[in-house]
Amino acid sequence: MAVTMICPNLGCRKTIVAPDGARGRLMRCAHCSQVFMVPIRDGSSEPATADETNNQKDKSGSKKH
Ligand SMILES: [Zn+2]
């Protein structure tokens, strides 16, 4: 699962997507060349993209109110 984060450069703040293997490693923002470390754990407070998230919930199906 890719890591999505916001560029720490306050003048940039672009969304950056890093591969899972980049966790805990240094990475450079393609927009402003700011170097930063990819967090090992996700903050999970940001809205995830529809691609990955919805696959995990298979259970809540047939019961309607
Ligand atoms: Zn940046």
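**View 1. Met-1, in the segment before strand 1 (3-6).** The model is predicted: local features need pLDDT of at least 70, side-chain atom pairs count only at pLDDT 80 or more, and totals for chains, interfaces and linings use all residues. Residues are numbered from 1 along each chain as its sequence is written. Strands (E, at least two residues) and helices (H or I, at least four) are DSSP runs, numbered from the N terminus. Met-1 is exposed because 10 other C-beta atoms lie within 10 Å. The cut-offs are 12 or fewer such atoms for exposed, 20 or more for buried, and in between for partly exposed, with C-beta atoms placed from the backbone. Asp-20 is 19 residues away along the chain, yet the two C-alpha atoms are separated by 5.6 Å.

**View 2. Ile-40, in the loop between strand 4 (35-37) and helix 1 (50-53).** Ile-40 has 9 C-beta neighbours inside 10 Å, so it counts as exposed. Leaving aside residues up to four places away in sequence, Ile-40 touches Arg-23 and Gly-24. Here, contact means that the C-beta atoms of two residues, placed from the backbone, lie within 7 Å. Asp-20 appears again: its C-alpha is 9.0 Å from that of Ile-40, and the two are 20 residues apart in sequence.

**View 3. Arg-13, in the loop between strand 1 and strand 2 (15-18).** Arg-13 is not a glycine, but its phi is positive, about 55°. Most residues other than glycine have a negative phi. Arg-13 is partly exposed, because 13 other C-beta atoms lie within 10 Å.

**View 4. Ser-33, in the loop between strand 3 and strand 4.** Ser-33 also has a positive phi, about 65°, without being a glycine. With 9 other C-beta atoms within 10 Å, Ser-33 is exposed.

**View 5. The whole protein, with one helix and four strands.** The order from the N terminus is β-β-β-β-α. Buried residues make up 2% of the 65 residues. Of the contacts with a separation of 6 or more, 22% join residues 24 or more positions apart. Mean pLDDT, the predictor's confidence in each residue from 0 to 100, is 79 for the protein. A pLDDT of 70 or more is reached by 63% of the residues. Among the elements, strand 3 (residues 26-28) has the highest mean pLDDT, 94, and helix 1 the lowest, 53.
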